[in-house]
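Trainee: I'd like to practise reading a fold from the outside in. Could you walk me through this one?

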Amino acid sequence: MALMRLSFFSEVLGRQSYVNVLLPQSMAGRDWSWGTFTARPPFPVLYLLHGLSEDQETWLRNTSIERYAEGRNLAVVMPSTDRGFYTDTAYGVKYFTYISEELPQILRQYLPLSERREDTYAAGLSMGGYGALKLALRSPERFSFAASLSGALMSREMVDMKIAAQAAGPEFPGELERIFGEEIKPEDNIDHLLETANPKPKLFVCCGLKDWLLPLSAALAERASGLGYDVTWRTDEQYNHEWAYWDLMIQEVFKMLPEQTKPR
């Protein structure tokens, strides 16, 4: 794989922005032990989103994401959007517009990324799990698959959970209000988006049994199934809200991606 670290000015955010991108590197004709591989641009693309308090580096630092992507005909895009919950915030910063519109347009200026729905996927952990689902459910004509790993799935229930303050600190509910306002708008509410998305993207939802966010993920998987989504639900007893779990689950995400991303 080739690892690219890009810095550019975002008109939407009004500042410099950063993104890491893994790109396939053709190995055709070289006698590697795992065989040969020919990259075939334009590449299918996975937008891989970080959690709260993280940035574009954390998937690279905490997992073997580059090794898992090796030999796949797939670009992995790892952006940074601060603590904004991938949302056009009530205080005025348009993180969702940036991640859903501006970033893909800028990247396609420089990189051979496919625009086809069947080649476009989103995944993320915690806050990024929410962001990945929101990307796919608000633009289902562009995304064919989304994965939520221990997702902080924004809904009225999430805001009302007293455990949120215990897990993320006493200031967290106030921070959510500054992001979402006094009420979660329909376009930011995962429950509402599940009902309106057409066509329905394929979903993967997972959460550890010891994770405080488990009720939200379990309820979402059940609701999505009832609405006719092709959804895979997985939970694991020994895991909390932790990187050891997400490192395992991102490997499961890769297994679920379509045939065009598989090693050749």
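Trainee: Let's start at the surface: how much area does the chain expose, and what share of it do carbon and sulfur atoms supply?

Mentor: Keep in mind that this is a predicted model. About 11500 Å² of the chain is exposed, with 48% of that supplied by carbon and sulfur atoms.

Trainee: And what percentage of the residues count as buried?

Mentor: Buried here means under 20% relative accessible area. By that cut-off, 55% of the chain's 264 residues are buried.

Trainee: Which secondary structure elements should I look for, and how many?

Mentor: You will find 10 helices and 8 strands in the chain.

Trainee: How should I read the sheet, and what is the strand order?

Mentor: The general idea first: strands of a sheet pair through backbone hydrogen bonds, either parallel or antiparallel. In this case, 8 strands form an open sheet with mixed pairing, in the order β1-β2-β4-β3-β5-β6-β7-β8. The edges are taken by β1 (2–10) and β8 (231–236); each has a single partner strand, so one side of each lacks a neighbour in the sheet. From one strand to the next, the twist averages 15°.

Trainee: Can we zoom in on one pair: how do β3 and β5 run, parallel or antiparallel?

Mentor: Strands β3 (residues 45–49) and β5 (residues 120–125) run parallel, joined by 5 bridges. Leu49, for example, has Gly124 of β5 as its bridge partner.

Trainee: Which strands does helix α10 lie across?

Mentor: Helix α10 (residues 243–256) lies across β3, β4 (75–79), β5, β6 (145–149), β7 (202–208) and β8. Relative to β7, helix α10 runs at about 160°.

Trainee: Finally, what share of the contacts joins residues at least 24 apart?

Mentor: Counting contacts between residues at least 6 apart in sequence, 74% join residues at least 24 apart.

Terms used. Residues numbered from 1 in each chain as written. Predicted model: local features only at pLDDT ≥ 70, side-chain atom pairs only at ≥ 80, totals over all residues. Heavy atoms only, no water. Helix = DSSP H or I, 4+ residues; strand = E, 2+ residues; numbered from the N terminus. Buried < 20%, exposed > 50% of the residue type's maximum accessible area, 1.4 Å probe, protein only. Contact = heavy atoms within 4.5 Å. Areas by Shrake-Rupley, 256 points an atom, 1.4 Å probe, with all protein chains shown as cover. Pairing = 2+ DSSP bridges. Axes fitted to C-alpha atoms, helices over the stretch in contact; angles between N-to-C directions.
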